[in-house]
Amino acid sequence: MAADALDRRFMAAAIRLARWHEGRTGSNPSVATLIVREIDGAPVIVGRGITAVGGRPHAEPQALAEAGDLARGATAYVTLEPCAHHGRTPPCAEALVSAGIKRVVAAASDPDDRVSGRGYQILRNAGIEVDENVLAEDAARDLTGYLTRRVKNRAHVTLKLALSRNGKIGRRDGGQVRITGEISNREVHALRARSDVILIGIGTALNDDPSLTCRIEGLEDRSPIRVVLDTELKLPTASALVRTAREVPVWIAAAAAPDHPARAGLVAAGVEFIACESHDGRIALPELLEDLAARGLSSVLVEGGEQVAQAFLAENLVDRLILLTGETDIEGDAVDAPLMSGVTPSGFRKVSSMVFGTDRMDEFERL
């Protein structure tokens, strides 16, 4: 196999490995490292590492520890530029040098000022061959939350909308309508498992009384922080969200006064508050996303209704858009979807289409 094809093969494997801990590595990105060397004339993976749950240790030292002496003279495949800054442990770039790695193949570069280009320079200064940008776009797509937080100083936003066949997203009377099937619903739960935050407005909380957890067997512990936009603190203490606030975090983004009478009951139930600015009676979304980023949170999955979706779209805060179109029609006094199924929204590019049972999922990314 040609060298460039071999590099893509192992990098693709590293990118898949990194997905195992997406949404579980705190403020650090989920990164993977593979150590590969030739044994009996064939390339063999001798070390694997992935950013640990909570964010430490990083992938490189774990892969090097597994490889042991076999790392000397081997090639390291890393999905993100190795860190170059000193903390309580040496930089990962220096760990690769000390282990005797001969070559490093890297995917995405790290925009962190403490790292950007410096990780590669440490390697090159030590005589290590470095090949950058191998499947960089694929790796960056999985790292987009971290990259957005570093570059834009805010959390990355994915807006998910379920559309009926006739372009509706629900009923105006608040009655629940099942738009998509079970397979699509499980895909949504998988998206939740890979997100740091799931966000809705108070209207959805009151109408649907959702739990917003990940309910795929084996992934229950990956439920994201649940955030409700609730300027007037209308969320009932009897709601599913509040009742489970001590099991899975619930944060309310509110501009209400600290002495608001509803606050004490919510706090007693384990709910936390994000003090927000308001504009025209609504939460200031750019500032909210900055506050979430400041807490080390990188990715937000928005599952709100019409008003929340429109607000994020109007402020150009949607980075990724997922439209799930079912085969059901919603008749009568229904809510029009803010976007049309099958049409690429302005300012976005279509990146994929998939079919789940009788439903179609279209995915778009901002240009």
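**Helix H12, a surface patch and an internal cavity**

In this predicted model, helix H12 spans residues 306–314, and the residues buried within it are Val308, Ala309, Ala311, Phe312 and Leu313. A natural next step is to ask what these side chains meet. The buried residues of H12 pack against several elements: strand S6 (156–163), strand S8 (197–201), strand S9 (225–229), helix H11 (285–294) and strand S14 (299–302). Just after H12 comes a backbone detail worth finding in the structure, for Asn316 takes a positive phi of about 55 degrees.

The surface offers another feature to look for. Ile39, Val44 and Leu70 together make a nonpolar patch of about 190 Å². One of these residues, Val44, belongs to strand S2, which covers residues 42–50. Val44 has a relative accessibility of 31%, and therefore it counts as partly exposed, a class that lies between buried (under 20%) and exposed (over 50%).

Attention can now turn to the inside of the protein. The cavity count, taken at 30 Å³ or more, comes to 1. The largest cavity has a volume of about 60 Å³. Its lining is made by Ile15, Ala18, Arg19, Glu22, Ser30, Thr79, Ala139, Asp142 and Leu143. Two helices can be picked out around this space: helix H1 (3–18) and helix H5 (136–142) each supply at least two residues of the lining of the largest cavity.

Terms used
Residues are numbered from 1 along each chain as its sequence is written. This is a predicted model: local features need pLDDT of at least 70, side-chain atom pairs count only at pLDDT 80 or more; totals for chains, interfaces and linings use all residues. Side-chain values use heavy atoms; hydrogens and water are left out. Buried means under 20% relative accessible area, exposed over 50%, partly exposed in between (1.4 Å probe, protein chains only). Helices (H or I, at least four residues) and strands (E, at least two) are DSSP runs, numbered from the N terminus. Contact means heavy atoms within 4.5 Å. Patches are made of residues with over 30% relative accessible area and no salt bridge: like charges are joined within 9 Å, nonpolar side chains (Val, Leu, Ile, Met, Phe, Trp, Tyr) within 5 Å. Accessible areas come from the Shrake-Rupley method with a 1.4 Å probe; for residues, only the protein chains shown count as cover. A salt bridge is a side-chain nitrogen of Lys or Arg within 4 Å of a carboxyl oxygen of Asp or Glu. On a 1 Å grid over the protein atoms alone, a cavity is a set of points where a 1.4 Å probe fits but cannot get out, and a pocket is an open set with protein on both sides within 12 Å along at least five of seven lines; lining residues have an atom within 4 Å of a point. Grid points are joined across faces, edges and corners, and a volume is the space filled by probe spheres set on the points.
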